[in-house]
Amino acid sequence: MIELYILRHGRTVWNAAGKIQGSTDIELTEEGREGARAVGRAWKKLGLHFDAVYASPLKRAYETACLVSSYTGLEVQVDQRLRELCFGVLEGESVARINNAEADSKHGCFFSHPERYERPENGESLEELCQRAKSFLNELFEKYTNNERILIVAHGAMNKALMRVLKKTELKDFWAGALQKNCGVNIVQADGNTCRIIEEGKVYSMEDDLQA
């Protein structure tokens, strides 16, 4: 059994603009960086120990991981499997494009009916995303077997894919559970067969940072 802290990256320029990011490598805003620092400060005050830190190669996730875990002295290990879902030709468009089934029957059901979402041109399907998540988690469970605490910093859809693999749910339930905001964390105890959710969608505010 290991404990996973699955963190979403801080707020980015395209988050603020309401654009689809996917595999496009977008920078954090200063607000996003400060949000990541606040999480790190809160965890440091709590004396939270990690045994390893993993991050997506996209700079919004990697920088978040570096800022959050700087107090640990651990190297951030980049894993390509943790990159965000590739939206292909939809990247850079308004998020409304994947949130309006009436306007776009193939892609607008992304949040409402993920099981109906179709791979965009040059993009990935949600099942392909989940296969990457499963491959990463299986390797993690083989490597760590003794109550280690692992920090994983990735993205909104990728983190839901990780949770789906852990909970063994159907694709239609892909978005089940709490909405994970920027710098929100899911805390899960798992061993590949069983999964116990400790916290879902927790966001450390500046107030938490000061009180921790």
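Contact here means heavy atoms within 4.5 Å. All views show a predicted model.

**View 1. Surroundings of Glu84, in the loop between β3 (76-78) and α4 (126-143).** Beyond its neighbours within four places in sequence, Glu84 is in contact with Gly22, Leu58, Arg60, Glu124, Leu129, Arg132, His155, Gly156, Ala157 and Met158. Although Glu84 is buried, no salt bridge is formed by this residue. Arg60, the nearest side chain of opposite charge, lies 5.3 Å away.

**View 2. The largest nonpolar core, with 36 residues.** Leu4, Leu140, Ile150, Ile152, Leu162 and Leu166 touch the most other members of this core. Two or more residues are contributed by each of β1 (2-8), β2 (52-55), α4, β4 (149-154), α5 (156-167) and β5 (184-190). The largest share, eight residues, is supplied by α4.

**View 3. Packing around Ile152 of the largest nonpolar core.** With its neighbours within four places in sequence left aside, Ile152 is in contact with Leu4, Tyr5, Ile6, Leu7, Tyr54, Leu82, Phe136, Leu140 and Leu162. A second, separate core of 20 residues includes Trp43, Val53, Val68 and Val76.

**View 4. Cys66 and Cys195 in a structure with zero disulfides.** A disulfide requires a pair of cysteine sulfur atoms within 2.5 Å. The closest cysteine sulfur to that of Cys66 belongs to Cys183 and is 13 Å away, too far for a bond. For Cys195, the closest cysteine sulfur is in Cys130, at 14 Å, and is likewise too far for a bond. Cys66 is partly exposed, at 29% relative accessibility; Cys195 is also partly exposed, with a relative accessible area of 29%.

Note on methods:
Residues are numbered from 1 along each chain as its sequence is written. This is a predicted model: local features need pLDDT of at least 70, side-chain atom pairs count only at pLDDT 80 or more; totals for chains, interfaces and linings use all residues. Side-chain values use heavy atoms; hydrogens and water are left out. Buried means under 20% relative accessible area, exposed over 50%, partly exposed in between (1.4 Å probe, protein chains only). Helices (H or I, at least four residues) and strands (E, at least two) are DSSP runs, numbered from the N terminus. Lys and Arg count as positive and Asp and Glu as negative; His and the chain ends are not counted. A salt bridge is a side-chain nitrogen of Lys or Arg within 4 Å of a carboxyl oxygen of Asp or Glu. A nonpolar core is a set of buried Ala, Val, Leu, Ile, Met, Phe, Trp, Tyr and Cys residues joined through side-chain atoms within 4.5 Å.
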